[in-house]
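The exercises that follow are each set as a short task and then solved step by step. Please keep the sequence and the model at hand while working through them.

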Amino acid sequence: MNDIEWGLLFDPELALNSLPYVLEGIGYTLLISVVSMIVGIIIGFFLSLARTSQLKVLQFPARLYISFMRGVPILVILFLLYFALPVVGIEFTAVQAALIGFSLNSAAYIAEVFRSSLASVDKGQWESSKALGLTYWQSMRRIILPQSIRIALPPLSNVYLDLIKASSLAAMITVPEIFQKARIVGAREYDLLTMLILVALIYWAICSIMTILQNYLEKRYADYI
């Protein structure tokens, strides 16, 4: 059996020298993931309310939107926003297209998280709030949401971790985030494998930090509740 040439698998010197350049893209990675998560939470919350509404005029469009966004690859959404819309006169920069695409896509998944967490709150809580004379929104803000957020926190954290990793797809529409930077170096140095391993380690580090934060928030919120 021939000895493995480890230098062909991973070049530590190239990885170390390229690290500062690749990390220049971390701002875009975090921008896309953070903004998309925040916007996704806002849209997703109202989608979940529409999804569970008794009014068909609200329920059907919400169901259709969630089904479409969960059923279409995010890369297709990005391509439609960045390459297809200019045909009809609507143009976005690569970063704008990424922010819109990931926000709209994440909202569908977040809506289902909120829907299930709201449904898990005992119906007696609604009845009790009505007995106290609270309006729908007062009941939601003071009684229902605090309980449902505790349930929703772990899956919401998982959605955010998925967003961080999926942000690498923004490279396909030329957003200069981590993966795009690594691709440039890999093509220039004819060593894409080293750069892919480097990117994998960087994403692993970011997600590990976020997981620690997730565990802290879950414990803190559980103690608060």
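**Exercise 1.** Is Glu 112 buried or exposed, and at what relative accessibility?

Solution. The model is predicted, so local features need pLDDT of at least 70 and side-chain atom pairs count only at pLDDT 80 or more, while totals for chains, interfaces and linings use all residues. Residues are numbered from 1 along each chain as its sequence is written, and side-chain values use heavy atoms, with hydrogens and water left out.

Step 1: apply the classes, in which buried means under 20% relative accessible area, exposed over 50%, and partly exposed in between (1.4 Å probe, protein chains only). Step 2: Glu 112 has a relative accessibility of 15% and therefore counts as buried.

**Exercise 2.** Identify the salt-bridge partner of Glu 112 in helix H4 and describe what the pair connects.

Solution. Step 1: a salt bridge requires a side-chain nitrogen of Lys or Arg within 4 Å of a carboxyl oxygen of Asp or Glu. Step 2: Glu 112 forms such a bridge with Arg 70, the closest N and O atoms being 3.6 Å apart. Step 3: because Arg 70 lies in helix H4 (residues 56–71) and Glu 112 in helix H6 (residues 94–120), the pair ties together parts that are 42 residues apart in sequence; helices here are DSSP runs of H or I with at least four residues, numbered from the N terminus. Step 4: Arg 70, with a relative accessible area of 42%, is partly exposed.

**Exercise 3.** Compare the accessibility of the two partners in the salt bridge between Glu 24 and Lys 181.

Solution. Step 1: the two side chains meet at 3.4 Å, N to O. Step 2: the pair links distant parts of the chain, with Glu 24 in the loop between helix H2 (12–23) and H3 and Lys 181 in helix H9, 157 residues apart. Step 3: Glu 24 is exposed, at 51% relative accessible area, whereas Lys 181 is buried, at 12%.

**Exercise 4.** Locate Ser 36 and list its contacts beyond four places in sequence.

Solution. Step 1: Ser 36 is placed in helix H3, where its relative accessible area of 0% makes it buried. Step 2: with contact taken as heavy atoms within 4.5 Å, and residues up to four places away in sequence not counted, Ser 36 touches Leu 31, Ala 98, Leu 99, Phe 102, Ser 103, Ser 106 and Leu 163.

Notes:
Helices (H or I, at least four residues) and strands (E, at least two) are DSSP runs, numbered from the N terminus.
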